[in-house]
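Please look through the structure shown here with the helix packing in mind, and then with the charged pairs and the backbone geometry of the loops. The account below takes these topics in turn.

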Amino acid sequence: MKKRNSIKSILLLTIISFVGVACVDEIKFGNAFLEKAPGEDVNEDVIFSKKVYTDYLLWQCYEGLFTPFKNCYAGNGQFETLSDIMHSEEGWDSMGRFHYTGVLSASNANPGWLVARAAYITSGGMENMSNTAFRCIWTGIRDCCLLLDNVDRVPDMTDAEKARYKAEAKVIMASKYFDGIHNFGGLPIVDHALAADEVLEKPRSTIEETVTFVVRLLDEAIAEPELPWNIPTSELATWAGRVTKASALGIKAKLLNYVASPIFNSDTPYCVEEPQEAVNALQVWYGNYDVKRWEAVVDACEEFFRMNSANGNYYQLEEATTPDEAGYRAFLSRI
């Protein structure tokens with residue numbers, strides 16, 4: 001029971017891993033995230049010619065992280081309400097109306113905000129199932145790949161800064177893949193920024209291939225010495241919200257826990273409705289049950305607690321001062 005509670009604790013940590021965003025002055029996002037001099041085209045050479053421009057790209061990677069307040073996710077509710085971590089009581093969100101009632105289908109998945117508001121209300125606004133949310137995922141992944149491919153050539157950055165930026169981009173990229181896995185299972189694997197002359201039709205991978213790829217990204221970030229376990233006190237005023245090793249381990253444990261569930265990890269497929277292409281291609285389940293997938297969850301959680309202990313137990317659960325109503329009321333007033 002103690003280990004089970006510990007596992008739940010580490011999974012909860014990832015909910016708050018990205019609550020804040022790094023603070024810098026005059027941040028611009030989207031097409032305006034770089035200053036463009038008159039007559040000068042903004043290209044990769046410009047973006048990676050100065051640290052300040054590369055900073056803007058990293059902040060744009062952060063801007064792509066999931067939040068229910070972004071238009072491509074609005075109406076959805078938290079992804080965690082599809083897990084054992086949270087439950088939606090809203091009723092009006094997509095989780096309550098479609099997932100919980102079991103009526104979600106391809107026919108009532110909304111194509112996004114391009115439709116009229118009335119159609120959005122009628123069809124359920126499943127932004128996470130639509131092209132709109134997929135753009136949120138893939139544009140974020142491209143931003144991360146662009147940084148990973150090019151940050152080493154920025155002339156006014158130290159090697160330590162470059163290593164930390166790359167580790168952060170890998171964690172953000174893994175988080176974006178996890179968003180997609182939640183609703184699609186196996187995804188196309190994109191490990192670099194695709195050029196215009198490349199074949200852009202990437203095949204959908206199996207769930208196992210996708211999870212292996214995401215775990216590799218997280219393991220590489222965790223192993224990076226320049227990525228801190230937590231944001232140092234000296235950086236909290238300006239950098240609160242940047243990802244850390246703890247963020248990476250939290251996402252890893254959460255992902256492994258999700259795909260070890262019977263939805264994916266079973267001797268029989270969860271979905272028995274036709275068509276069965278994704279089932280037969282092992283894109284929405286592993287094709288078998290393996291207890292080692294649960295053991296990987298335990299290993300990831302234990303790794304977190306080992307590293308947390310080695311770093312002074314920086315992350316701890318908040319507890320009520322007294323185990324009674326007054327104690328819990330006082331606790332809730334602090335959070």
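The crossing of α8 and α10 is left-handed, in what should be read throughout as a predicted model. Helix α8 covers residues 207–222 and helix α10 covers residues 245–259, and the two pack with their axes 9 Å apart, at an angle of about 160 degrees. Since angles over 145 degrees count as roughly antiparallel, α8 and α10 are therefore described as roughly antiparallel to each other. On the α8 side, the residues that take part are I207, V211, V214, V215, L218, D219, A221 and I222, and they meet K245, A248, L249, I251, K252, L255, L256 and V259 of α10. Sorted by class, this contact of α8 with α10 comprises 13 nonpolar residues and three charged ones, with no polar residue.

Helix α8 also packs against α7, and here the angle is about 155 degrees, with the axes 8 Å apart. That angle makes α7 roughly antiparallel to α8, and the crossing of α7 and α8 is left-handed. From α7, the residues A167, K170, V171, M173, A174, Y177 and I181 meet a set in α8 that consists of I207, T210, F213, V214, L217, L218, E220 and A221. The contact of α7 with α8 divides into 12 nonpolar residues, one polar residue and two charged residues. I207, V214, L218 and A221 of α8 appear in this contact with α7, and these four residues are also listed in the contact of α8 with α10.

Which side chains of α7 and α8 meet in a salt bridge? The side chains of E220 and K170 do so, at 2.9 Å from N to O, and this pair links distant parts of the chain, with E220 in helix α8 and K170 in helix α7, 50 residues apart. E220 and K170 are also both listed among the residues through which α7 and α8 meet. The two partners fall into separate classes of accessibility: E220, at 31% relative accessibility, counts as partly exposed, whereas K170 counts as buried because its relative accessibility is 19%, the limit for buried being under 20%.

A salt bridge within a single helix is found in α7, where R164 pairs with E168 and the closest N and O atoms are 3.4 Å apart. These two residues are separated by four positions in helix α7, about one turn of the helix, and both R164 and E168 are buried. In all, the count comes to 12 salt bridges, and those that share partners join R164, E168, E235 and R242 into one network.

Another of the salt bridges is formed by E44 and R153, whose closest N and O atoms are 3.8 Å apart. This pair, too, links distant parts of the chain, for E44 lies in helix α2 (residues 44–47) and R153 in the loop between α6 and α7, 109 residues apart. Both ends are partly exposed, E44 having 34% relative accessibility and R153 having 39%.

The loops deserve a separate look. Most residues other than glycine have a negative phi, and most peptide bonds are trans. Against that background, a cis peptide bond joins E274 and P275, with omega at about 0 degrees, and P275 is found in the loop between α10 and α11. In the loop between α11 and α12 lies L282, a residue other than glycine whose phi is positive, near 60 degrees; with 32% relative accessibility, L282 counts as partly exposed. N313 likewise is not a glycine and has a positive phi, of about 50 degrees. Its place is in the loop between α12 and α13, where N313 is partly exposed, with a relative accessible area of 37%.

One further loop residue, N230, is placed between α8 and α9. Is N230 buried or exposed? Its relative accessible area is 16%, and N230 is therefore buried. Apart from residues up to four places away in sequence, N230 touches T244, Y314 and Y315.

Key:
Residues numbered from 1 in each chain as written. Predicted model: local features only at pLDDT ≥ 70, side-chain atom pairs only at ≥ 80, totals over all residues. Heavy atoms only, no water. Axes fitted to C-alpha atoms, helices over the stretch in contact; angles between N-to-C directions. Parallel < 35°, antiparallel > 145°, perpendicular 65-115°, else oblique. Left-handed = near helix turned anticlockwise from the far one by under 90°. Contact = heavy atoms within 4.5 Å. Nonpolar A, V, L, I, M, F, W, Y, C, P; charged D, E, K, R; others polar. Salt bridge = Lys/Arg side-chain N within 4 Å of Asp/Glu carboxyl O. Buried < 20%, exposed > 50% of the residue type's maximum accessible area, 1.4 Å probe, protein only.
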